[in-house]
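Here are a few short exercises to work through with the model open beside you. Try each task before reading its solution.

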Amino acid sequence: MDNTSKWTAVRALFVAVLVISIAALGVAAIVGGNWVVWLRGAAVAAASVWLVALTGQAARGKRAAYLRIRFVSIAAPIGIVLILLAPDSGYPVWMKAEQGVVGVLVAAVALIVNQRAMREAYPKGGKLR
């Protein structure tokens, strides 16, 4: 799999996160959600839009965008695990399930963008390959 197809897969994963996040906001509108649900849902949806845009920049060779995606793809699943394990986080079970799916999708991004070929394509201070 070349880097172009890897970026296509990363974009698809982030779009899936966006769709799931919007669906979660729809569920919150139907079943009722507290402020924590609305805040988290909106934040994840907004972050997904930003990550889709960053994916395009990274695919065009922008190292800063690539590094941001690497950082988020590692940090976000860790944060999601903490949400899932927190006994009284304020998130209903359905949203914890939704966040679990989001965590798996973002962890898949981490597996893709941290591969040796991807890291080597964005060298420090060097020319992009």
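**Exercise 1. Find out how confident the predictor is in this chain, overall and by element.**

Solution. This is a predicted model, so begin with the chain as a whole: the mean pLDDT is 92, and 96% of the residues reach at least 70. Next, go element by element: helix α5 (residues 116-120) has the lowest mean, 91, while α4 has the highest, 96.

**Exercise 2. Check the end-to-end span of α4 against its number of residues.**

Solution. Start from the 21 residues of α4 and a rise of 1.5 Å a residue. The expected span takes one less than the number of residues, so α4 should cover 30 Å. Now compare: the end C-alpha atoms of α4 are 30 Å apart, which agrees.

**Exercise 3. List residues of α4 that are buried, and say which elements cover them.**

Solution. Apply the cut-off of under 20% relative accessible area. Among the residues of α4 that pass are Met95, Glu98, Val102, Leu105, Val106, Val109 and Val113; Lys96 and Gln99 are buried too. Then look at what lies over them: the cover includes α1 (3-31), α2, α3 and α5.

**Exercise 4. Describe the largest pocket: its volume, its lining and the chemistry of that lining.**

Solution. First, the volume is about 200 Å³. Second, 14 residues line the pocket, with Arg40, Val44, Ala47, Val72 and Ala76 nearest its centre. Third, the elements giving two or more residues to this lining are α2 (35-59), α3 (63-85) and α4 (93-113), and α2 supplies the largest share, 7 residues. Finally, sort the lining by type: 11 nonpolar, 2 polar and 1 charged.

Technical notes. Residues numbered from 1 in each chain as written. Predicted model: local features only at pLDDT ≥ 70, side-chain atom pairs only at ≥ 80, totals over all residues. Heavy atoms only, no water. 1 Å grid on protein atoms, 1.4 Å probe; cavity = no way out; pocket = protein on both sides within 12 Å on 5 of 7 lines; lining within 4 Å. Points joined across faces, edges and corners; volume = space filled by probe spheres on them. Helix = DSSP H or I, 4+ residues; strand = E, 2+ residues; numbered from the N terminus. Nonpolar A, V, L, I, M, F, W, Y, C, P; charged D, E, K, R; others polar. pLDDT = per-residue confidence, 0-100. Buried < 20%, exposed > 50% of the residue type's maximum accessible area, 1.4 Å probe, protein only. Contact = heavy atoms within 4.5 Å.
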